[in-house]
Amino acid sequence: MDGPAQAPATLLLAHGAGAPMDSPFMAAIAAGLAQRGWRVVRFEFPYMARSRETGRQHGPDRMPVLQESFREQVQLERAACPEQPLVIGGKSMGGRVASLLVDDLAASHGVRGCLCLGYPFHPPGKPQTLRTEHLAGLQTPTLIVQGERDTFGKRPEVEGYSLSPQVHLQWIPSGDHSFKPTRSSGLSEEQALAAAVACSHGFLAELLKA
């Protein structure tokens, strides 16, 4: 957990497929948002928790297990802070799981929105294998922060997808799947992460106005 307990809202964040909740990326996003006054709670899916316990790498759980794990974390947060506004999201796979659940959780647990950090629109090299069907009908405000050269969905590709009006995109110039820019861009990784934090902060602030 990062940020003040009495924050205006809590952001519940899940990690991506290959890195844990305390990866440098996750830590930077959590710390940046905590410095802006938000409470950020990170958690791990069962397979990543097993990897931490055993010291051996395990592949991601199947989607039903990932979704049930996310639901359990939402229930825990709701029990711990029933009056505090709650937003869910995550890095890559974690954000995808959140986006699949957010409409149901908005109805059942009052979740306000979804934040996806590097959405995996398709597997790298397989642009025809899209993971966007549910995004076309999403009814809960969702922000996708995406690197312009993300191999899971580059800007020219994504701008041609059919997405719900509730889905908003923020582009990190020259960023890859973890927002790292090219040297030729003149931008640093720290600047890119700071930009991701800034637009995420803006999204959270707008949600609370609604």
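The legends below accompany four close-up views of this predicted model.

**View 1. Helices H3 and H4 cross at roughly 50°.** Here we look at the place where H3 (residues 63–80) and H4 (residues 93–109) meet, with their axes coming within 10 Å. The two helices are therefore oblique to each other, and H3 passes H4 in a right-handed crossing. To trace the H3 side of the contact, look for Met63, Leu66, Gln67, Phe70, Arg71, Val74, Gln75 and Arg78. Their partners in H4 are Met93, Gly94, Arg96, Val97, Ala98, Leu100, Leu101, Asp104, Leu105 and His109. Sorted by character, the residues of this contact comprise 10 nonpolar, 4 polar and 4 charged.

**View 2. Helix H4 bends and carries a set of buried residues.** The bend sits at Val102 and amounts to about 50°. Val102 is itself among the buried residues of H4, alongside Met93, Gly94, Gly95, Val97, Ala98, Ser99, Leu101 and Leu105. What do these buried residues pack against? Follow them outwards and you will meet two helices, H2 (46–54) and H3, as well as the strands S1 (10–14), S3 (86–91) and S4 (113–117). Just past the end of H4 comes Gly110, which has a positive phi, near 70°.

**View 3. Glu77 is a buried residue of helix H3.** Is Glu77 buried or exposed? Its relative accessibility is 8%, so Glu77 counts as buried, the cut-off being under 20%. Leaving aside residues up to four places away in sequence, Glu77 touches Met1, Thr10, Leu12, Arg39, Val41, Pro82 and Leu86. Two of these neighbours, Thr10 and Leu12, can be found in strand S1 (10–14), while Leu86 belongs to strand S3 (86–91).

**View 4. Gly147 is buried in strand S5.** This glycine is found in the strand spanning residues 142–147, and its relative accessible area is 0%. Which residues does Gly147 touch, not counting those up to four places away in sequence? Around Gly147 you can pick out Gly153, Trp171, Ile172, Gly175, Asp176 and Phe179. For orientation, a second glycine, Gly89, is 58 residues away from Gly147 along the chain, and the C-alpha atoms of the two are separated by 17 Å.

Notes
Residues are numbered from 1 along each chain as its sequence is written. This is a predicted model: local features need pLDDT of at least 70, side-chain atom pairs count only at pLDDT 80 or more; totals for chains, interfaces and linings use all residues. Side-chain values use heavy atoms; hydrogens and water are left out. Axes are lines fitted to C-alpha atoms, for helices over the stretch in contact, and angles run from 0 to 180 degrees between N-to-C directions. Helices (H or I, at least four residues) and strands (E, at least two) are DSSP runs, numbered from the N terminus. Angles under 35 degrees count as roughly parallel, over 145 as roughly antiparallel, 65 to 115 as roughly perpendicular and the rest as oblique. A crossing is left-handed if the near helix is turned anticlockwise from the far one by less than a right angle, and right-handed if clockwise. Contact means heavy atoms within 4.5 Å. Ala, Val, Leu, Ile, Met, Phe, Trp, Tyr, Cys and Pro count as nonpolar, Asp, Glu, Lys and Arg as charged, and the others, Gly among them, as polar. The bend at a residue is the angle between axes fitted to the seven residues ending there and the seven starting there. Buried means under 20% relative accessible area, exposed over 50%, partly exposed in between (1.4 Å probe, protein chains only).
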